[in-house]
Amino acid sequence: MEGNLHLVGAGLVVIGVGIGIGRIGGSALDAIARQPEATAKIQTVMLIAAALIEGIGFAALFAVS
Amino acid sequence: MHQISEIKFRQVIVMVFSKKSFLYSLVALIAFLPSVLMANSPEPTPAHGEAVAQENQDPKAEIKEQIEEVKNHHVLDAHSFHFFGDKETGKEYGFPLPIILWDNGLHVFSSSKFDEGKVAEDGGNYYVLHHERIYKTDATGALTEHEGHPTNAKPLDFSITKGVLSMLVIALLMFLLFRSLGNSYSKNGGVAAGAGRFFEPIVLFVRDEIAIPNIGEKHYKRYMSHLLTVFFFIWFLNVVGMMPFGVNVTGNIAVTFGLAIVTFIITTLTAKKDYWMHMLWMPGVPLPMKIILAPIELIGAIIKPFSLMIRLYANMFAGHLVIMSLIGMMFVFKSWIGSPLTFALSFIISLIEILVTLLQAYIFTMLTALYFGAAVEEHHHEEGHH
């Protein structure tokens, strides 16, 4: 066992980021379905939240690799 | 009956040729170009793999090595502008760029002195280019190595590299474009003319959807110049990166560092009293919490621009790597099933990347506006602790 454990870490990071962004997208879809008139606002907040998670994910990937 | 179906048919025709779907097909066409041109032009090397394969036992490994080379070459910055090369004739197509070094005095010479791994001589000093880094050396060009990394002294490198050149070109383009847009208002009686008609709605979008909601009516005007510049600069550079022969500028961490540090400086310099108050001495919480929160908030102020830097860099770098890898897979498979499949895949990823170019520019501008908004926000405390 040597060397390649960091790749497992990278995989875990991507799984976490995937779950996070998936949940944001799903919740935003729910919200838009309930209140179509608020689509623009929801999209903005969704993009910001997704970007923040993505940023953390990239930072973790850099730390791992 | 007949008439109804005719009307329906007409509706369908109108739908198909409506403005929106025309735009979509235009975008698809533009996105289609890089995958075709990239596959054709800068990569004649893997196509000649058959000739090499006869001497080499493992042709697959040879091709993979060449693809790796092309990939790195495309993604990283370079000291000369290289379009494509021909392995068989050994000819390289491109043009040299100026090398500017500070090494106890200014040294300016053309990057063609480094061609084919030669040792460049200028003013009695010898330099050699090793993996796009310039090292000081002697007349023989020998490098002392330690664990695979050269230990020779590195002069300060201010060269006009590929990335710097394209940034200068984009800056000039933006200057001319938006100057003419600005001038067209006065000439044309308050109506935008020419290419400005396309960019005016985008400028308004940045103002109405990004600046005003995040910064507020009162202060947004001070920040509009920075927001617009950052938005169009990142967007144009991203698009240039997607073009054939394009340069991956925003996928370079030094560039995104520069962009993020400007955001950080503006946030810090224009911050109001409330911003510092909330950072150093959070009102409305007990005293021990104030002491704990201050360092956390201070670290947070640095993490914000740091995440801006990493996000843009990693997104563009990873996007380019994925596209180049998929294009490279065409040459690895070299079959009637595998190659069209990876071609279609690289086409779809290219489409997504076209979207990402705009999305990353939007997110960078959006978060910048958000940080500016936090800096000028005025809080109304109801706890009455004053």
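In the predicted model, strands β6(B) and β7(B) form a hairpin with two residues between them. One residue of this turn, B:H131, has a positive phi of about 50 degrees. The two strands, β6 (residues 125-130) and β7 (residues 133-137) of chain B, run antiparallel and are joined by five bridges. Within this ladder, B:H130 has B:R133 of β7(B) as its bridge partner.

Chain B also contains an open sheet of three strands, ordered β4-β3-β10 and paired in the antiparallel sense. Its edges are formed by β4 (106-110) and β10 (156-157), each of which pairs on one side only. Five bridges connect β3 (residues 98-102) of chain B with β4(B), and the pairing is antiparallel. Across these strands, B:I99 stands opposite B:F109, a residue of β4(B). In a regular strand, side chains alternate between the two faces of the sheet.

The helices were examined next through the nonpolar cores. The largest nonpolar core comprises 45 residues, of which B:A211, B:L227, B:F231, B:I234 and B:F364 touch the most other members. Elements of both chains supply at least two residues each to this core: α2 (39-64) of chain A, and, from chain B, α6 (162-187), α7 (196-215), α8 (220-242), α9 (253-270), α11 and α12 (338-376). The greatest contribution, 13 residues, comes from α8(B). A second, separate core has nine residues, among them B:I63, B:V70, B:I323 and B:M324. In the largest core, the contacts of B:F231 include B:V206, B:A361 and B:T365, when residues up to four places away in sequence are not counted. In soluble globular proteins, nonpolar side chains tend to be buried together.

Helix α11 of chain B, one of the contributors to the largest core, spans residues 287-333 and contains B:G300. This glycine counts as exposed because its C-beta position has 11 C-beta neighbours inside 10 Å, and a residue is classed as exposed at 12 or fewer. The C-alpha atom of B:G300 is separated by 9.2 Å from that of B:M279, with the two residues 21 apart along the chain.

The contact between the chains takes eight residues from chain A and seven residues from chain B. On the side of chain A that touches chain B, six of the residues are nonpolar, one is polar and one is charged.

Methods: Residues numbered from 1 in each chain as written. Chains lettered and ligands numbered in written order. Predicted model: local features only at pLDDT ≥ 70, side-chain atom pairs only at ≥ 80, totals over all residues. Helix = DSSP H or I, 4+ residues; strand = E, 2+ residues; numbered from the N terminus. Buried ≥ 20, exposed ≤ 12 C-beta atoms within 10 Å, placed from the backbone. Pairing = 2+ DSSP bridges. Core = buried A, V, L, I, M, F, W, Y, C linked by C-beta atoms within 7 Å. Contact = placed C-beta atoms within 7 Å. Nonpolar A, V, L, I, M, F, W, Y, C, P; charged D, E, K, R; others polar.
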